[in-house]
Every structure is written in structure tokens, then in C-alpha cells.
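Here is a short guided tour to read with the model open beside you. It moves from helices to sheets and ends with a few backbone details.

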Amino acid sequence: MNETQINTFASETKIDISDNTKEEIEKISSETKDDIFVVKSEKHRKSIDRIIVSQYINEGYDSDDYVVTYSREDKSILGWSVDIKKNGPQQPDVYFKVDQIDYLHKCLDIVLSKKILSLCGYNKYWLIDLNSDRTSNERFLKLKHPVSCKDDAYQSIGCDAIGFLPNGDLIQVSVRDRKIYKYCLKDKNIVPWGYSQINDIEIPENFYDEVKFFCSSICRTKLFLIVISYKTLILQFDLLKMKLERQYISCYSLQNGERPVEFITLKNNSERLIINCYSNHKLVDPHQVYDEIDISGDFNKTSVIITSNKKIFINNDYVYVANGLDENNLQQSSNQIIYRNSIYSLSTYKIIQSMLNEIISQNEIKKVVVGEKIVLKEEGKVKNKGLYEIILRPKDTYDLICFEQNNIIKKSYSIPHILSFKRLNSNQDFILISMEAIEICTLDEDFRSRYFWNNNEWNDIYKKFVEDYGLIYDINKHYKPLIERILKYEFNDSKYSIPLPNIMGQFIDHRKDIAEDVINDNLVSSKFGIEIRKIAIEESCDVVVRPIINNTIESVQDYSVNSMDFISLNLLKLCDDYPDHIIKYISYTSIILSPHCKRIGNSKNNSIHSYTNIYIKESHMDNNYFKSISVKYKGLIRYLRYISAIYLRIEEKIQTVSFIVPFPQICVYQDDSNNNDHEIETNDHENENNDIKSKIFTVLKKMITGIKIAIMIPRSNSIWNEFLYKPKSILFSNIDSNHFYNWWNFAAIIDFKWETFGKFYYYLIWLFYTILYTCYSLASTLKQNSISDFYFELLFIISIIFGSIFLIFEIRQCLWNYKIYFNDIWNLFDVGAYLLPIIASIFWLINKNQPLWLTAISIILSSFKFLLFFRVFESFGIYFAIIIGVAKKVFPFLVLLFFIVLGYAQAFFIVLRSNNINDDNDPRNVATKYDFVNPDGTISNATTMIQDPDTNTNLFNWFPTSLLAVYKLLTGDSGSLSSFTYHEHSIMTILLVTFTFFTVIYLMNLFIGLLNIAIDDYNKKEEFLLQKAQIIMEIELFYMLPCQRNNKKWFPNWIYYDIPVTEIRKLINAIDNKQTVFNYPPFINEKLRELVVLTDDNKKQDNKEEQDNDKKQVIKEEQNSKIEKKAYQIKEEFTQSNVELKQQMNKLEQQMESIIKYIGIEQDNKEKKDNKLEMQIEQTKEELPKQNIELKQQMDKLEQKLEKTKNAFKILFWFLSEVFFSENKKR
């Protein structure tokens, strides 16, 4: 509808009324303009259909206390200025006719902020400005981007969501375009109202096929993106920061028309979600499917509850303000409906509060049991022992709860003196307030503690009482003030639930019962469950932790976010203290189906492919014409891909199933933006010791701290990075020894990090090192006169600069954690590859020369370092993992071998060294001798030549060369002993025999066998992945800025991944057939089995599909045969016509020959005419083959056209058969 039409429909009346009560309005004279306003708006007030309250009413922002009512019958809008602080009728402000608005959408929210009203109809949208600076012609605003008010069922996406920020900026969320448009309030006068900022809603492609319905909802500064699939996923974003705040995998499944309005927290800290369904509202627990309370009486078309718990509603044709929800009744309703057996209800809280008041109301606090027994329960049934009486008996320092039969105590439990007790409900629960604590226990078949609470002050007072046993102890003096303070702080009227139980204050036997009661109680599991688990782990309370972990593991199958968070956030502590339980969890959750996965998907990736959740990022598209072209182009590309994938099947894809990594927040870094603010740790007691050592220690400590600050040592770390250095018995605990399962959960994390940011950083580092390596290698290898000294200096300076940069990163890594640093042998190569080129380059710049040994070693290390960059590729990385892994594995054996070689080297040194000049072992005596030969062939004894001996003549004359000689013996080189005769050196012979047999033959073959075993242990993909994960960890910690480590896109809370169906099917079949070897069998979801395993139904479906395919094939073959027959007929016709043409050509040639013969007989004398005739004949002969060739070419073209026609017919018949069978399949 255009603006002219709007102006003709809209009319308004504006008035200011001083008082806001109906009685005073009626007293105003009927002749005033106000009376005219009242008359005009009377029909509206008597037929109000909807009340709309400003979003930020009474919330501390700029004044926005405004309400609008809408009347469909009167087709008008009436604005009201309200005073939240004053209950009663409110003051009308603006009356505005809106004839063009026929009907408002029942489900979509109507939003009001800064007197700007957003209305949604069925496929219509209006934005109305009710501010006083507007005339009737300017009331309706128009947004630059059209607003969609209708769900798109075909594309499974919801309509646009509209909201306002506290400063009045309008937010439009278009799920269809995956955009968030922000409109500044100051630009509203521009027609159309243009957006100032665009943000993209990034949705992984893998979600497209899995999402059943995708919609959005805005509540104040929160955006809720709802993904409805196998489970309902609710993502909560902060619109001020455009960041994901929370994620809910809800057990509550949103039905048609239902939309989340707002998450609220009740005063007992329990979380609820308000759901709107066609103007009906209900309060649900997103984690418990059965907790649902109808609150439509307070939330409806003419009644609204605002955040300050004020109710704004229509009463007597006016807008009224009153008190809002009675949370007591709300809590009681929840308890009555859902939690009848819970002790964490409001009724329990009130009972304990009243009992405490009764205790302090006494003039003197007395014990309940004084002298005589008290019967708690007359008939209590104990398992296998009949009926018993449960009696409370007094003792000197404690009371006894006794199970008695015929006054004979069969079983008893001691408890501190009881000050008050009361039965809690119809069950067997009792509330006991003793001198030690408030306790709730069950007395049925046995004594079982369900709740125990006291604070530190109470605990100290009771300990004082125990210590002063036998002395005069004034209970009144100590306990009355204590209970008064408890009533003031822990049990006052503003609270609605009993405090967190103090499990560590109870006996060990009862801690487990209390913890299980909390975790199994649906009312408080989300409130106290995480805290109970955390306390139990910190205190290493085994009796609590072990059952809690087992309970947590079992709850994961229901996608319990709290349970997964608990395991993930405490993973390191659990690995240290409870490795068996964490191994069980890792194995149990090896294949957890993604909550989005409702069917088998298709992917171009033939291996694991990981991705994150939906996130928001700033759009880089400028606000220009090309933006719309880009959007249309992307939409067209998606549509073409969809069509091609369904009909033409151009891209070959494999079937995949989506899974979720059950370790939320494992990759998330804590906020380390202040990582330079290292606190200088000082000991207050150091000043007491002024000796030199303490001063030096303090100075060194401050220097190290200063260095850490200067070079930005990261303070925080992610759980994942620390988990990588846990024992491999935990890391690889869920690896199937038969290799059906290959570390998929953790491989997904590594794949996600590598594809998201790791490879870009790594290749950039590789590039910089290549520059260093190239410059230094050229400068060290080229001859001095090959290039000028200027270029040599330039190359060495570049080497020093880049080498220093890399060396700083190594220093940072060493200072961060020197134990981890030196445990990785590759780091030693890194230091050598950076440090030695720097030293050699400095040598050259100073002396114009460098030591050759230094140059040689530095070149070798630099080459090794360059080779190490290939570790990230699986084909190379596995070998690097084998090299280091095997070296670590056989290192003890190498140490053993070294000492054996050392011992033999020392023995040979003692036996074969020269102790005196000219002894048998003197190098001159063992050197090679040469004798002269006489002419008659005899050896001359007169003259002998001796080869001049050197250090290699007798290697055993010096211990280091003796060690070298024995090493050569180990390799099979016995040349060092060739100068000695075995007959004259018997001890040497014995040493040689024992060494070669025991070391060379036995130990070396044993060493080769150990190498084979070690290679088998490390020739695994998980070893390569672990190596790659540690490389990525170094990038995160030492090459990223703190702000980058807080990027939720790179370090998300949740990671998903796809695995080919064939791999999953193999694994499940192997598990079912007991072909796998797991520590604990993985949990297999029924939905996963339904998707993957070929059951009888699936086989029937497969058989049906095979039959359909067979029918298609038969039809195709029939059509092909028809086409081939037709083509054959056409070909035969062409062949026949070709034969006829050839026959005609032969006849023509025969006629020509007869003519030539005739002409030769009759006219022999006419040479000129003969020559002319011969030329014509020759020309005719030349033209005939050409005509023949042209005919053949035409026939070939006809055959090609025929083949194309045949292919076109094939495609057409195939397409029609596909459509036919797809329609039958749908039916």
C-alpha cells in the first residue's frame, strides 16, 4: 500500500491530560477538547483486542514507559503514558486510526519501543511512529529491506523477527536471507529507513538437510535461533555483542506455532522458558519435557507481565497497572504438578522456617527428648525383619533413633541432640533440626539421609559444645543468636528454596545418599547438581564422585548439557583422580548422534568432516547495489546445486551421518586479554630473611616475571591443550584394537581447528622459515667471490632477523612450560635450527668468515627443521611419529646397550693400550711393516720399512677412540683389531668373541625385534593426530593474540562432524557381532540404529528401491532398443542411397568410356578437338571423386545428428522415468 493511501486512512487526535484516574477524567467539562478525545476513543477502549507494552519499560533505560492498545473493531491504535510506580488506571495519549490494518498475526510478537510500534499481519507488516513530532502523514515508516511475515513451509524457515535495542535501534532478523539488519534510530526520518549495519547468520552446509524448521525470535537484547530437528536446539545470542551466549539442547519439542518468548530465572534460581503459541503462554522447563505450567491468565492479548513483575492489563476500558505474578503460587503449582516427592520445594522451605521460628520463640531453647522416649513412627517395616517401632531416645551428648521390636533395640543411629522435628509428608521423611545441622532423613526400612545443612558458624558452635562436654554449656546463649542470623540471611521471606546441602559436613556413609537425591531430583538438578559435583571432585569424595559420574554418563544419551559440561570442565581433574571413570565416559560417548541429525545426509568429503554451530559474523558487503546481486547469485547457486544434486546427479556424494563431540567448551579459552598483567608473586615472609641467597632468589624471580610480561607468555589454556599431555591409556582408551573405530571425537576437534585457522597460520610460519632457510643456505654455500659482500651481508642480516623472531617464540614456549618443552625432542631441533644460523651469521658479519664446523652443523639442523614442516601431512607425519615414538620406546634398551659398549671399550682400552715405550702395543710395533725382496726371491732381513704410525694405528691407545673402535665392532667393522694377532692376545680374543656374540648377535637382533614391535605400536593414525594437535596447540598459544583465542568461531562450545555411513555401519555390525575390542562398549542411539543398520524394514525398502531401479532399467533398455532400431533403419536407408549413388556413378563412367571410344574411331584427324575433349574428360574425372567425397561428408554429418538425436531421446526418457517413479514413491 503506498504512502498516499496510508495518509487518507490515517487520522489522529493528540491530547495531554493532567490526571490519570478515571474519576477525574469524568469531572472534566464535556465542552473541552479532552472530552472530544474521550468520545473518539470510547469505541476503541470498549473493544480493545491487544495490549502492547514497551520492551524496556521500567528497566533503567531512557524513559520508555509507554503502552499501546489496538482495537480491530474500531481499527484504531491508542497510546498510553503509564507510571509503573503507581498502580491503577493510566493516562491515554494518542488516538490513531489505522483503517488499512485488517488483522494482526496471532503468533508473531508485536513490539513497541521509543513509541515506535511494529505490527505484523498475515503477510503484511507495518511500522508506526507514535512520537509527538510526527503528523498523521508521517506515522508509517518503511524499512529498506522488506519484512517477511509468513513462514516458508517449502524452505522450512520462519518469518522475520523484529526487535529493538535499548537505545531505540531496530533489529530485523531475516532467517530466509540469513542476515541481521540494524537500523539506527536517528535515521528513521530517511525514507526508506536504511540499515546501518549487516551481520550474517552463518549456518554450516551440513545443517541444511538436517533442519526440519528454522526460525528466530527476539526478546529485548536476546536473539533466539530455534533449530527444530531430531531434537530442539535453541541458540541464545546477545544482540549488543552479536555473540553466542548459551545453547540449549531441549527435551521440550516446539510444536507448530510455538515460539520461545524469553528465558526467565525464578527466585529459586531454576530456569524456565516462556513459550507463546497463538497468544497462549506457558512456562516450561527446557531440560524436562514434562514440566509445563499454563500462565495464559497472566500472559495473553490484554494482559502482560513485565520484568519488574508488574502486571499491565485492561480493566474497565482503561490500562491498569498492578502487581504481577505471585511466585509463591507459581512455585507451588510447579511443585504440585511435577515435584510431589521433592524436598526442595517451597513447602519444605516454609516448614523449616516455621520450625526455626518456633525454636527461638521459646524463652529457653530445650532439647526435644528429655528423660522419656518419643515415638517417631509406631509401625515401621524393616526389610526381611517385620514391623518395628521407630523411637527417639536421649543420651548424654547425643540422641538415638532406634528401631525397636518389643522394646528391644534391633538397630540404632546416633544423632546430635534434636531441638525440633516434624514429619515432612505422607512418606517416611522427617525434618530434624539438631544442635549440629538441619537434616532431612527417611525412616523406612533404614535410616537414610536426604539433606544436611549448616554454615561455618553453626559448625563451630557445635564443635565447641563437643569440646566442652561435661561443663556447663548455655544452649540459649549460643543457638538463639545463631538461628536468628540464619532466619535473617538463609531462611528469610525473599527466598523460596532450602540452601545447597553441605555434603562434606555429613558422615561418609550419608554423602552418597544426599548427592544422589540432589542429582535425581528434577527440580534442583540444574540448580545444585553442578555445584554438588564440583564440590565432590574438589574434595575427592569418592563415595559421591563415583556414583555421580556413573549417573552423568547415563544421562548423556538424553543430551544432558549439564552432564556434558560437568565432564568436560572437570576433565583434567577426573583424568588424574578417576581415570577409570573418564575412560568409561570417553568410550561410552564415542559415537553420540548429533541432535540435528534426523536422516542420512550427503557430503563430498569421503572422510571425517567437522564443523561448528550456527554463529553470527559481521557482513563485509558494502551497502550498495551489488549486495542484492550477490544475495541473488548465492541463492541461485544453492538452487542449482539442489536441482543438480536431485535430478541430474552431477556431483558424486557419499552418504554420511552427523555426530556431536560430547565435550562442550573443551576448546574454549578463558578470558586472557589481560595476559600481560602478570602479578609479581612475592612472599611476605621473604623480608624476614635478608641474606644474600634470598635477595638473589627474589631478584631472579622478578626478572623472570618481567621477561614473561615482556614477551607475552599466555596465562590461560584450554582444557583440550592440557588433555593432550595426559597418559595415552586415557587419550586412546576408546580406540578399538581391530581398528573399526579410529578416535573420531578427537579427530573431529583436530580437523576443525586445522581447517578453521591452523593451516593458514602453519603455512605462513612455513613461508617465513623458508625465507630464513633459503637466505642462510645461499649465504653459507656460495663461494666468497660469487656475489658481492653487500649481498652476503643482506642474506646474513635477514637470517639473523628471522632467526631471532623464531627464537623468541621458542623462548616463550620454554618459559610457558619447560617440562612440556624439553619432553618434545623436536623442540631441540627447533632451537638448533634457529640459534646456530644466528651465531654463524654474526661470526661472518664480524670476521667475514665463519667456523666450518658451525656452518655444517647449522645447515644440517636447518635442513632437518625444514623437513619437520611435513609432519602435518598424514603420509609424512606417521613416519615422524614413528621416529620419535620408537626412539622413546627403545631408549631404555639403548641406555643398556651404551653401558655394555662403554664397558667393553674400557676393557679393550686396558688390554690393548701402550703402557710403556716400545712395548707390544706401542703404535710403532703394531704398525704395518714392509720387507725388501732379494733378486732370488728371498726376503731380505737386513732392511725393513715401517709405516709411519698415527692416532688411527692403535685406536685403543686413547679411551675416546677405544669407544669409537668398539662402536665400529658393533657395526661389523673389525679393522681396529687387524694390527693385533689373536694368538698373542688371548684376552683380546676372548673379549672379541663375547662382545660379538652377546652384543652384535644377540642384543642387536633383540634390538631389531624391539624396533618392529615399537613400530607397530606407533604406526597408527591416532599418533599422527596427536602430533598434529600439539602443533596446533603451539600455534594457538604462541602465535595468536588473546582476542583471537576468544573468537567463538574458532573456539566454539560445540563441534559436530560427519562420518561416512559405511564406516558407522561397519562399526555397529562389529560391535553387535562382538568383533571389536573396547574397554567399554560405546552407546548406540536407537535413532542411529534406525538410520544406519540394515534391519528387515530397511532391507524391504532397499528391495523396493532395487525393484524400482530394475523397472527403470527395463524402461530405459526398451527405449534404447527403440531408438537403436530407428537409428539402424535410418542408417540402412542412408547406406542404400549411397549404394544407388555409386551405381549411378559407375554407369556414368561407362557411358563416358563408350563416348571416348566412339570419338576416337570417327575423328582421328581432329587433334585439337580431341585434345579439348580429353581435357573435358579429365576434368570430369577429377570432379566426380570430389562429388563423392562431399556426399560422404554429408552422410557423416547426418550420422552425427542421428547420434545426438539418439542421446537426446535417452536423456528425455530417463528424466521422464525419474519423475514418474519419484511421484509414485511420494504417493
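When two helix axes meet at an angle over 145 degrees, the pair counts as roughly antiparallel. Keep that cut-off in mind as you look at this predicted model.

**Helix pairs**

Start with helix α19 (residues 744-781) and helix α23 (residues 852-868), which pack at an angle of about 155° with their axes 10 Å apart. By that cut-off, α19 and α23 are therefore roughly antiparallel to each other. The crossing of these two helices is left-handed. On the α19 side, the contact is made by Y762, W766, Y769, T770, Y773, Y776, S777 and S780. Helix α23 contributes T855, S858, I859, S862, S863, K865, F866 and L868. Sorted by class, the α19 and α23 contact has eight nonpolar, seven polar and one charged residues.

Next, have a look at helix α24 (residues 874-912) and helix α26 (residues 959-970). Their axes are 8 Å apart and the packing angle is about 120°. That angle makes α24 oblique to α26. The crossing of α24 and α26 is right-handed. From α24, the residues in contact are L897, V901, L902, Y904, A905, Q906, F908 and F909. They meet F959, S962, L963, V966, L969 and L970 of α26. How do the residues of this contact of α24 with α26 divide into nonpolar, polar and charged? There are twelve nonpolar, two polar and no charged residues in the contact of α24 with α26.

A third pair joins helix α20 (residues 789-816) to helix α22 (residues 826-847): their axes come within 8 Å and cross at roughly 145°. Here the crossing is left-handed. The contact of α20 with α22 has 13 nonpolar, six polar and four charged residues.

The table sets the pairs side by side.

| Helix pair | Angle between axes | Distance between axes |
|---|---|---|
| α19 and α23 | about 155° | 10 Å apart |
| α24 and α26 | about 120° | 8 Å apart |
| α20 and α22 | roughly 145° | within 8 Å |

**Annotated membrane segments**

The UniProt record, an unreviewed entry, gives the annotation "transmembrane region" to residues 760-779, 791-809, 821-846, 890-912 and 987-1011. In the model, residues 760-779 are 100% helix and 0% strand, with end C-alpha atoms 29 Å apart. Residues 821-846 are 92% helix and 0% strand, and the end C-alpha atoms of this span lie 33 Å apart.

**Two open sheets**

Now turn to the strands. One open sheet has four strands in the order β7-β8-β9-β10, with antiparallel pairing. Its edge strands are β7 (111-113) and β10 (140-141), each of which pairs on one side only. Within this sheet, strand β8 (residues 116-120) and strand β9 (residues 125-129) are antiparallel and pair over five bridges. To find the register, look for I116, which stands opposite D129 in β9.

Another open sheet, also of four strands, runs in the order β5-β25-β24-β23, and its pairing is antiparallel. The edges are formed by β5 and β23 (303-305), each pairing on one side only. Strand β5 (residues 88-89) is joined by two bridges to strand β25 (residues 318-323), and the two run antiparallel. In that pairing, G88 stands opposite V321 in β25. On to the next neighbour: strand β24 (residues 310-315) pairs with β25 over six bridges in the antiparallel sense. There F313 stands opposite Y320 in β25.

**Backbone details**

Most residues other than glycine have a negative phi, and most peptide bonds are trans. With that in mind, a few spots deserve a look. The hairpin of β24 and β25 has two residues between the strands, and N316 takes a positive phi near 55° there. Phi is also positive for K75, at a value near 50°. Where is K75 found? K75 sits in the loop between β3 (66-71) and β4 (76-81).

Finally, the peptide bond from V191 to P192 is cis, with omega near -10°. You will find P192 in the loop between β13 (179-183) and β14 (197-202).

Definitions and conventions:
Residues numbered from 1 in each chain as written. Predicted model: local features only at pLDDT ≥ 70, side-chain atom pairs only at ≥ 80, totals over all residues. Heavy atoms only, no water. Axes fitted to C-alpha atoms, helices over the stretch in contact; angles between N-to-C directions. Parallel < 35°, antiparallel > 145°, perpendicular 65-115°, else oblique. Left-handed = near helix turned anticlockwise from the far one by under 90°. Contact = heavy atoms within 4.5 Å. Nonpolar A, V, L, I, M, F, W, Y, C, P; charged D, E, K, R; others polar. UniProt positions renumbered as here; feature names shortened; annotations may be inferred. Pairing = 2+ DSSP bridges.
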